[in-house]
Amino acid sequence: MAEQQRLQEAGYAPIHFSSLFPISQYIMVGQNLNGPAVAPVGRAKAAPVESLTQLRAVLNGSARLLILDLEFFQADNQNHIFQLAGRIYGQAEKFNYYFFNSQQTDARQLQFLRRYDVPFSQAQQYTVKYQLPRIIKLVASLAPDYLVSWDNSQDFKALQRAANRLALPKQNRFWNTIQAIDLEKLVAQQVWNGQKALGLKKMCQLLNLPPFKFHQAQHDVRAIEAILKFYSLDLSRELLL
């Protein structure tokens, strides 16, 4: 509640979108996300996180971490984004976007239109082309210091391809300008001695975390947050208490 009040005082309004829009979760958004995205001015990139000890220090400090997850469908031998979700670690701010794409199967296109009660004539408003600039501006308004994912390679490649098609300014591409933490890679290096990384579901099972609905971006983000909370603990101290 304190975080919500802080954002409201800073000029942000809480909006809960109904099923009419392809944004299905409560998010904190700026007053206007339709204008051109503007890169943060004068912000230095945060220091890289190269160990679990450094990660714990970041998690217990004042840094803001945006957890991000994307889901895809395949067409023409390429991954295309159909869902993008994010949340600020330990805070109320979160978002969840679904996208319309004419390369999806007819059945999936129809499912999207029915689910969100969107006429086909308006469907293009909910494509990556129209929504990615809004998301870039939203992320800028959230001002995260770190971008956390569980295996970000496909996510960042897909975002980069979309940004290239739209000719978006490179300085506004948050996946390049914000310090990234690939939690899957970090855990593989620090826990499994560089061996092949585990999938998100398997990692949650090993940590005995509550079950999540995996492969849905909004739930994968919650699973990543749960793993971060685990690694925020000083385990040697916790075992002694």
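## A tour from E225 to the sheet

Start by selecting E225 and G90: the side chain of E225 comes to 2.8 Å from the backbone nitrogen of G90. Keep in mind as you look around that this is a predicted model.

**Stop 1: around E225.** Keep E225 selected and colour residues 217-231, the helix α9 in which E225 is found. Is E225 buried or exposed? Its relative accessibility is 7%, so E225 counts as buried, since buried means under 20%. Now show what E225 touches beyond four places in sequence: I67, R87, I88, Y89 and G90.

**Stop 2: the largest nonpolar core.** Next, select L55, L183, I227 and L228. These residues have the most contacts inside the largest nonpolar core, a set of 32 residues. Which elements each supply at least two residues of this core? Colour them one by one: α2 (52-59), β3 (65-75), β6 (146-149), α7 (183-190), α8 (200-206) and α9. The helix from your first stop, α9, gives the most, with 8 residues. In soluble globular proteins, nonpolar side chains tend to be buried together.

Zoom in on L55 for a moment. Setting aside neighbours within four places in sequence, L55 is in contact with V49, I181, L183, L186, L228 and Y231.

**Stop 3: another core.** Apart from the largest core lies another one, of 26 residues. To find this other core, select some of its members, including Y97, L142, F156 and A163.

**Stop 4: the sheet.** Switch to a cartoon view and look for the open sheet, where 5 strands follow the order β5-β4-β3-β6-β7 with mixed pairing. Which strands are at the edges? They are β5 (94-98) and β7 (179-182), each pairing on one side only. On average, neighbouring strands of this sheet are turned by 25 degrees against each other, direction ignored.

Select β4 (residues 78-88) together with β5: these two strands run antiparallel and are joined by 5 bridges. For one pair to look at, show L84, whose bridge partner in β5 is Y97.

**Stop 5: helices on the sheet.** Finally, add helix α5 (residues 153-166), which packs on the sheet and touches β3, β4, β6 and β7. Try viewing α5 against β3: their directions make about 75 degrees. Then bring in α7, which also packs on the sheet, touching β6 and β7. The direction of α7 makes about 55 degrees with that of β7.

Methods
Residues are numbered from 1 along each chain as its sequence is written. This is a predicted model: local features need pLDDT of at least 70, side-chain atom pairs count only at pLDDT 80 or more; totals for chains, interfaces and linings use all residues. Side-chain values use heavy atoms; hydrogens and water are left out. Helices (H or I, at least four residues) and strands (E, at least two) are DSSP runs, numbered from the N terminus. Buried means under 20% relative accessible area, exposed over 50%, partly exposed in between (1.4 Å probe, protein chains only). A polar contact is a pair of N or O atoms within 3.5 Å; within protein, one must be able to donate a hydrogen and the other to accept it, and residues adjacent in sequence count only if both atoms are side-chain atoms. Contact means heavy atoms within 4.5 Å. A nonpolar core is a set of buried Ala, Val, Leu, Ile, Met, Phe, Trp, Tyr and Cys residues joined through side-chain atoms within 4.5 Å. Two strands pair if DSSP finds at least two bridges between them. Axes are lines fitted to C-alpha atoms, for helices over the stretch in contact, and angles run from 0 to 180 degrees between N-to-C directions.
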